[in-house]
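Colleague: Could you walk me through the charged side-chain pairs here? I am still new to this, so please spell out the terms as you go.

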Amino acid sequence: MSNTPPVQPAVKPNNILVAEDSDTDFLLTRRKLIKIFSPEIIERACNRHELCASLLTPRDLIVADLHLGDIEEMELIDVVLRAQPKTPVLVLTGTTQYASIIAGTANIIAVINKGDLKKIEQFLEGWAHRD
């Protein structure tokens, strides 16, 4: 595990990718991102194919559900970090199985239980307003 400090964006994220296969979870995440950042673009990837295609475009922030369906958890992290090695990544998960493994990985700004909407919002607000 690395002790790399969290990645800080130079500016407010305007182009955000959300890797999420649940419609409800995507809409909740999207609402939080709009409330906090008012980004110009929020793109959604629902599966491996869409994720790989979406990662061809540079992003300011990636929000990724570890359980995307047709891609294994650690492979998803590997694909994202290889494609966008300098982009901050917020990982949302319903389990803690991989949390300790990926929490110290470069570019992973946080690993949060996707059911804890208040914690997600608090983290994003704090991250948006740090110096």
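Colleague: What does glutamate 75 form with arginine 48, and how far apart are the closest N and O atoms?

Modeller: In this predicted model, glutamate 75 and arginine 48 form a salt bridge, with 2.5 Å between the closest N and O atoms. A salt bridge here is a side-chain nitrogen of Lys or Arg within 4 Å of a carboxyl oxygen of Asp or Glu.

Colleague: Which parts does that pair tie together?

Modeller: Glutamate 75 lies in helix H3 (residues 73–83) and arginine 48 in helix H2 (residues 48–54), so the pair links parts that are 27 residues apart in sequence. Helices (H or I, at least four residues) and strands (E, at least two) are DSSP runs, numbered from the N terminus.

Colleague: And is glutamate 75 buried or exposed?

Modeller: Glutamate 75 is partly exposed, at 30% relative accessible area, and arginine 48 also counts as partly exposed, at 31%. Buried means under 20% relative accessible area, exposed over 50%, and partly exposed in between (1.4 Å probe, protein chains only).

Colleague: Before we go on, how were these values and numbers set up?

Modeller: Residues are numbered from 1 along each chain as its sequence is written, and side-chain values use heavy atoms, with hydrogens and water left out. Because the model is predicted, local features need pLDDT of at least 70 and side-chain atom pairs count only at pLDDT 80 or more, while totals for chains, interfaces and linings use all residues.

Colleague: Okay, how many salt bridges are there in the whole structure?

Modeller: A search of the whole structure finds nine salt bridges. One of them joins glutamate 121 and lysine 35, at 2.4 Å from N to O. Glutamate 121 lies in helix H5 (residues 117–128) and lysine 35 in helix H1, so this pair ties together parts that are 86 residues apart in sequence.

Colleague: Which of the words buried, partly exposed and exposed fits glutamate 121?

Modeller: Glutamate 121 is buried, with a relative accessible area of 7%, whereas its partner lysine 35 is exposed, at 54%.

Colleague: What about aspartate 23, which residue does it pair with?

Modeller: Aspartate 23 forms a salt bridge with arginine 44, and their closest N and O atoms are 2.9 Å apart. Aspartate 23 lies in helix H1 (residues 23–37) and arginine 44 in strand S2 (residues 41–45), so the pair connects parts 21 residues apart in sequence.

Colleague: Changing topic, where is histidine 49?

Modeller: Histidine 49 is in helix H2, and it is exposed, with a relative accessible area of 66%.
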